[in-house]
Number of protein chains: 2
Amino acid sequence: MLTEIVLRERLQQMIDNKTKPLGALGRLEEIAVQAGLIQNTLTPEIKHPHIVVFAADHGIAATGSVNPYPQAVTAQMVLNFLAGGAAINVFCRQHRLGLSVVDAGVNFDFDGTAGGGSSPNLISHKIGYGTRNYLEGSAMTAGELGKALEAGRSVVRDLAAKGCDCIGFGEMGIGNTSSASLIMSYVTGIPVEECAGRGTGASDEQLEKKREVLRQTFRLHLPAIAANPDAMTILEHVGGFEIAMMTGAFLQAAEARMVILVDGFIATSALLLARLIRENVQAFCIFSHTSGESGHARMLEYLDAEPLLDLRMRLGEGTGAAMAYPLVKSALAFLREMASFDTAGVSKAE
Amino acid sequence: MLTEIVLRERLQQMIDNKTKPLGALGRLEEIAVQAGLIQNTLTPEIKHPHIVVFAADHGIAATGSVNPYPQAVTAQMVLNFLAGGAAINVFCRQHRLGLSVVDAGVNFDFDGTAGGGSSPNLISHKIGYGTRNYLEGSAMTAGELGKALEAGRSVVRDLAAKGCDCIGFGEMGIGNTSSASLIMSYVTGIPVEECAGRGTGASDEQLEKKREVLRQTFRLHLPAIAANPDAMTILEHVGGFEIAMMTGAFLQAAEARMVILVDGFIATSALLLARLIRENVQAFCIFSHTSGESGHARMLEYLDAEPLLDLRMRLGEGTGAAMAYPLVKSALAFLREMASFDTAGVSKAE
């Protein structure tokens, strides 16, 4: 096993000897080095990439105070995933990414519902029929949280056992931008009204109402979180089941040394929490895109992260991760396949 | 044939009925509309995408005053393309893009050199062994320019006959950022020293020298170009054979209603000229990326163009176009494959 410093230098030498001006592949060169470090090799490769979409409902959403779409859409979209009709299905087919959908706690019984054929199957880790409304107390119990974290880990553990070496996490949960905004605010210290954006498309009026509800929620849980400012306390008070599972999934993916494609606003909020538990998780992360959800750019800034794409997408489901995947593949491909100055007989700069 | 206004509205309706919040796929939605308009259909698709790399030498490069790499690198890189070892080969293989390499006027005899197997073949349209040094007169004659424009058109015409429906143009030519900087300055009115960047990696000192040479060249040709400020005059005086061919190629691709992927600094300089001849060319263009070459961002601003990627790449060869291709495919795929609210039984926003 090469030490990181030696490996980094050798990767850089390989890159600098490719038939191109120094640094001319920009961000792709950085991704190639990062992937080499993650896999501890000069020849990183991705053979089994996978997207996992975690779906769950949020107690607050039933009140209609933070979301323009009805809560039922969470379950409807899960059925859409299973039928292969959502955006993430399209992009996973395009790039041959595996896709799993996890019922982390949707307010619907999927018994007897299954994908099949080219559609993903549903993995059931239902913690409950949605979280409790955090305006009236904690979103989940410590026991529920523990189960959710472990479920997220187990999904990734199972994929690792099947050879998965690159993973992206997506989510579906009406109301979950509110939960993510609260998490962001508690972790980064940025006022919650600056963290909250339009989510799935709130109007000006709806956005103002959402911000007021979040200010109230923030104040309500602040004493408990200030007393124990850790990931667990934040998740218990204002988390979602899907966000808690993603947090566990990030931790497990880093332990399995996978290349992790970080999606948008909700996924990055889970990463903020995973980092509180194990800071080193970020070394395994490639930031796929800047979401059109307004708080995401500031999250990325907080993480000092430079995302690959900025297409004003704000859909979740892991769609940003899927879109960035071919760019990551390009980085590995040029490292492996491009000729060097010596082998191609090309002159270097004078 | 639908009128543009009706087609645009129907495409937008289709997109708004997909199972996602309004506008949530951001730039991809715009690309889907544009591709539908280009192909005059509600179901745009790309079946035969292709990259053409035009290579040529520049008289100025032989003086070593504008380029850190020796002129011989142009020919060496063409051989590298034919052997399949360059970055553009890697990315074309990854995305199954066809690849052609055109000798537009390289200072080398490729007779008897051929690709073969999975490598691209060389198309010979050699106008000469490089342009003349524009510090000593015009870069090319009107006759050479006419041949070059027609050669660019004929390459695209041949591809169109084989079904090509999406095309990107790349280039290789030591010294060609200088030619592109001059073109940019004449077309946009931005001072040439602000148009000129480091090219393949000039040092501070080399860059200062390059800028001084370009200031001198700019002044030398200004009277003739001011008298006839058209694409032909600019190309004759300070163009390159590869840039002239790309200009013809852009015009032909637009006439063939191809989806055109615009690469970086040099390719966009050719587009600036093609627009002077037929402004409507830009309607067929998708801007693939912002090059790390410093003048490119301002070129894009001048064109009011919003590129898909910004990865600090500055390699040319069509690599930016190739990297953007899967994003364009995603745009067409979601339009064709995603379920609508009705068919999927998903509720709309309240």
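A salt bridge is a side-chain nitrogen of Lys or Arg within 4 Å of a carboxyl oxygen of Asp or Glu, and by this rule 6 salt bridges are found across the interface of chain B and chain A in this predicted model.

**View 1. A salt bridge between Arg93(A) and Glu337(B).** The closest N and O atoms of Arg93(A) and Glu337(B) lie 2.9 Å apart, which means that the pair falls within the 4 Å that the definition allows. Between chain B and chain A, 22 residue pairs are in polar contact, counting residues at pLDDT 80 or more.

**View 2. The side of chain B that touches chain A, seen by its elements.** Two or more residues each come from helix H2 (26-39), helix H4 (72-83), helix H5 (87-95), helix H14 (319-337) and helix H15 (341-344) of chain B, and H14(B) gives the most, with 8 residues. Sorted by class, this side of chain B has 30 nonpolar, 12 polar and 12 charged residues.

**View 3. The area buried between chain B and chain A.** The two chains bury about 4600 Å² between them, with 58% of it on carbon and sulfur atoms. Tyr69(B), Leu311(B) and Arg312(B) together supply 12% of the area that chain B buries against chain A, which is more than any other three residues supply.

**View 4. The axis that relates chain B to chain A.** A turn of 180° with a shift of 0.0 Å along the axis lays chain B on chain A with an RMSD of 0.0 Å, and this is the relation of a two-fold axis. In chain B, the C-alpha nearest the axis belongs to Leu309(B), 3.2 Å from it. Both copies use the same surface, since 100% of the contact residues of chain B recur in chain A.

Notes. Residues are numbered from 1 along each chain as its sequence is written. Chains are lettered from A and ligands numbered from 1 in the order in which they are written. This is a predicted model: local features need pLDDT of at least 70, side-chain atom pairs count only at pLDDT 80 or more; totals for chains, interfaces and linings use all residues. Side-chain values use heavy atoms; hydrogens and water are left out. Copies are superposed by least squares on the C-alpha atoms of residues with pLDDT of at least 70 in both. Contact means heavy atoms within 4.5 Å. Buried area is the accessible area (1.4 Å probe) that two parts lose on being put together, summed over both. A polar contact is a pair of N or O atoms within 3.5 Å; within protein, one must be able to donate a hydrogen and the other to accept it, and residues adjacent in sequence count only if both atoms are side-chain atoms. Helices (H or I, at least four residues) and strands (E, at least two) are DSSP runs, numbered from the N terminus. Ala, Val, Leu, Ile, Met, Phe, Trp, Tyr, Cys and Pro count as nonpolar, Asp, Glu, Lys and Arg as charged, and the others, Gly among them, as polar.
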